[in-house]
Amino acid sequence: QWYGPPAMKPAGHYVVDAYGLTTDVFATVHGRFFLVHTAPAEPASLDDSGDEWSSAMAYNTTYGPNPAQMTPEVEAAYNAVRDFQVSEVRKRKGNPFPDRVSVGRARNCDVVLRYSYVSKLHAHFITTAAGGVADPSAEFSLVDQKSHNGSQVNGKTLEPGKPVAVVSGDELVLGSLRLRLMDASRFTAFIKRESQRPKSRY
């Protein structure tokens with residue numbers, strides 16, 4: 001049984017809000033940046049005896065719009081993107097270091113990616129913005145944290161400990177997990193576009 005923050009959500013979870021909210025409100029509710037990929041989620045059957053995080057509260061894995069909210073347009077979008085997996089790039093409440101977002105397999109990371117080829121602490125998104133990662137004007141860099149399988153940005157392998165600037169639309173690879181970084185505007189546009197051409201990617 002999985003305890004802790006949800007690893008990744010189906011993109012269908014965001015469809016109703018993508019159509020019903022402005023981009024600014026969508027970003028306030030769900031975050032400014034997202035990691036999107038198309039592979040089905042791997043079961044969380046990993047040896048986590050060394051993980052630091054534990055909790056007494058399980059999360060519900062049922063995601064998706066209320067059928068009563070699904071207009072034909074929303075239903076088409078939901079069916080088009082439901083196989084895409086998404087993680088919100090933002091701080092978890094109570095986690096330290098407001099200038100960075102931790103990414104990894106361990107359950108105490110801000111962004112939890114439950115894949116065997118992702119290290120427990122794989123990388124950080126960092127910013128120098130005065131308001132930290134929550135600052136609406138924050139720009140991000142990705143730093144590999146000496147991960148076992150390495151990280152890439154747009155095909156370039158990262159040197160551990162050295163930040164590389166990232167922007168919406170960049171392709172990130174963590175281990176062998178291929179992701180697209182999207183801001184709220186690109187992500188909501190992606191959801192709407194996929195409803196028109198459901199076999200396209202990104």
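This section describes the confidence, sheet arrangement and local contacts of a predicted model.

The mean pLDDT of the protein is 82, and 78% of the residues score at least 70. In the protein, the highest confidence is found in strand 9, at 98, whereas helix 3 (residues 72–81) has the lowest, at a mean of 83. Over residues 40–62, pLDDT stays under 50, and the model has 41 contacts beyond four places in sequence for these residues. Where pLDDT is low, predicted coordinates should not be read in detail. The contacts of residues 40–62, where pLDDT remains under 50, are therefore not interpreted individually here.

An open sheet is formed by 7 strands in the order 1-3-2-12-11-8-9, with antiparallel pairing. Strand 1 (9–10) and strand 9 (156–157) are its edge strands, each pairing on one side only. Helix 4 (residues 184–194) packs on the sheet and touches strand 2, strand 3 and strand 12; the direction of helix 4 makes about 110° with that of strand 12.

Within this sheet, strand 2 (residues 33–37) is flanked in the strand order by strand 3 and strand 12. Strand 2 pairs with strand 3 (residues 85–88) in the antiparallel sense over 4 bridges, and Leu 35 stands opposite Ser 87 in strand 3. Towards strand 12, strand 2 is likewise antiparallel, and 4 bridges join the two strands. Val 36 has Arg 180 as its bridge partner in strand 12.

Strand 12 (residues 177–183) is mostly covered, with 5 of its 7 residues buried. Besides its pairing with strand 2, strand 12 pairs with strand 11 in the antiparallel sense over 4 bridges. In this second pairing, Leu 172 has Leu 179 as its bridge partner in strand 12. Strand 11 and strand 12 form a hairpin with 2 residues between them, and Gly 175 in the turn adopts a positive phi of about 65°.

Glu 171 belongs to strand 11 (residues 171–174). The side chain of Glu 171 makes a polar contact of 3.0 Å with the side chain of Arg 178. Residues up to four places away in sequence being set aside, Glu 171 touches Arg 178, Leu 179 and Arg 180, together with Gln 152, Val 153 and Asn 154. Two of these neighbours recur in the bridge pattern of strand 12: Leu 179 is the partner of Leu 172, and Arg 180 is the partner of Val 36 in strand 2.

How values were computed. Residues numbered from 1 in each chain as written. Predicted model: local features only at pLDDT ≥ 70, side-chain atom pairs only at ≥ 80, totals over all residues. Heavy atoms only, no water. Polar contact = N/O pair within 3.5 Å; in protein donor to acceptor, adjacent residues only side chain to side chain. Contact = heavy atoms within 4.5 Å. Buried < 20%, exposed > 50% of the residue type's maximum accessible area, 1.4 Å probe, protein only. Pairing = 2+ DSSP bridges. Axes fitted to C-alpha atoms, helices over the stretch in contact; angles between N-to-C directions. pLDDT = per-residue confidence, 0-100.
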